[in-house]
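Trainee: I would like to take a close look at a single part of this protein and understand how it connects to everything around it. Could you walk me through it slowly?

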Amino acid sequence: IAREWVELLRWSAGFWEVVLQKQTFEIRDVGFVKQPYLLFDSSGNLYWVFAAEPAGEGYALKYVIYVNASSLRPHILVYRPDKTLMGASRIETYVQKAHPTLDWSRFTLAEPIPIIVNGTLYWKVSIITATAGASYS
């Protein structure tokens, strides 16, 4: 349901802005597990988290979208970064360059989760075997 709510948010700009002008965002699935990802906030509340990127060829982070997982009502929070940040689509390349000794034919990314601490974006990424067995974080 949370993914559908975010899709509706994407189309809230209007048909012409989304289709013709690409004035919206995209939820690009990266890795083994599809978005959204479930996170707790500092108060213990559950949120579904989406990393949204600009439509088209832009691979920066446009929004981090939080959907309250404790309610059936669409309570949506949108974080808009002040500056250009690396999006989820670029994380795989970044992680592969950071760990060149791994045999990437045997491993894949799972759940690149955006986490914001004191205004700084961090990516929590799990690396799992291609057969979805043991993991490396």
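Trainee: Let's take the strand β3. In which sense do β2 and β3 pair, and over how many bridges?

Mentor: Happy to. Please keep in mind as we go that this is a predicted model.

To your question: the pairing of β2 with β3 is antiparallel and covers four bridges. One pair to find on your screen is L38 and W48, with W48 in β3 as the bridge partner of L38. The two strands make a hairpin, and five residues lie between them. Look in that turn for G44, which has a positive phi of about 90°.

Now for the other partners of β3. With β1 (residues 25-27), β3 pairs in the antiparallel sense, this time over three bridges. Here I27 stands opposite A52 of β3. With β5, β3 is joined by six bridges, and these two strands also run antiparallel. W48 turns up again here, standing opposite V67 in β5. So W48 is a handy residue to click on: L38 of β2 is its bridge partner, and V67 of β5 stands opposite W48 as well.

Next, the aromatic side chains. The model has two aromatic pairs. In one of them, the ring centres of F25 and Y63 are 5.6 Å apart with the planes at 90°, so this pair is edge-to-face. F25 belongs to strand β1 and Y63 to strand β5, so the pair ties together parts that are 38 residues apart in sequence. F25 has a relative accessibility of 4% and counts as buried. Y63 is buried too, with a relative accessible area of 18%; the cut-off for buried is under 20%.

The other pair involves β3 itself. The rings of Y47 and Y66 have centres 6.2 Å apart and planes at 85°, so they also meet edge-to-face. Y47 lies in β3 and Y66 in β5, so this pair ties together parts 19 residues apart in sequence. Both Y47 and Y66 are buried.

Let me point you to one charged residue on the strand, E53, which sits in β3. E53 is buried, and its relative accessible area is 0%. Its side chain makes a polar contact of 2.3 Å with the side chain of R28. If you set aside the neighbours within four places in sequence, E53 is in contact with F25, E26, R28, G58, Y59, A60, K62, G87, A88 and S89. F25 in that list is the residue whose ring pairs with Y63.

From here we can step out to the nonpolar cores. The largest one has 18 residues, and those with the most contacts inside it are L61, V95, L109 and W123. β3 (46-54) is among the elements that supply at least two residues each, together with β5 (63-68), α3 (88-98), β8 (107-117) and β9 (120-129). The largest share, four residues, comes from β9. W123 is worth a look of its own: beyond the neighbours within four places in sequence, W123 is in contact with A51, L61, M86, G87, A88, I91, P112, I113 and P114. There is also a second, separate core of 10 residues, and W5, V6, I27 and A52 are among its members. You have met I27 and A52 already, as the residues that stand opposite each other between β1 and β3.

For a contrast, move to the loop between β1 and β2 (37-40), where you will find K34. With a relative accessibility of 49%, K34 counts as partly exposed. K34 and E111 are 77 residues apart in sequence, yet 7.3 Å apart in space from C-alpha to C-alpha.

Finally, let's zoom out to the whole protein chain. The chain has three helices and 10 strands, and from the N terminus the order of elements is α-α-β-β-β-β-β-β-β-α-β-β-β. Of its 137 residues, 34% are buried. Among contacts with a separation of 6 or more, 45% are between residues 24 or more positions apart. The accessible surface comes to about 8,500 Å², and carbon and sulfur atoms account for 54% of that.

Terms used: Residues numbered from 1 in each chain as written. Predicted model: local features only at pLDDT ≥ 70, side-chain atom pairs only at ≥ 80, totals over all residues. Heavy atoms only, no water. Core = buried A, V, L, I, M, F, W, Y, C linked by side-chain atoms within 4.5 Å. Buried < 20%, exposed > 50% of the residue type's maximum accessible area, 1.4 Å probe, protein only. Contact = heavy atoms within 4.5 Å. Phe/Tyr/Trp six-rings, centres within 6.5 Å; stacked < 30°, edge-to-face > 60°. Pairing = 2+ DSSP bridges. Areas by Shrake-Rupley, 256 points an atom, 1.4 Å probe, with all protein chains shown as cover. Polar contact = N/O pair within 3.5 Å; in protein donor to acceptor, adjacent residues only side chain to side chain.
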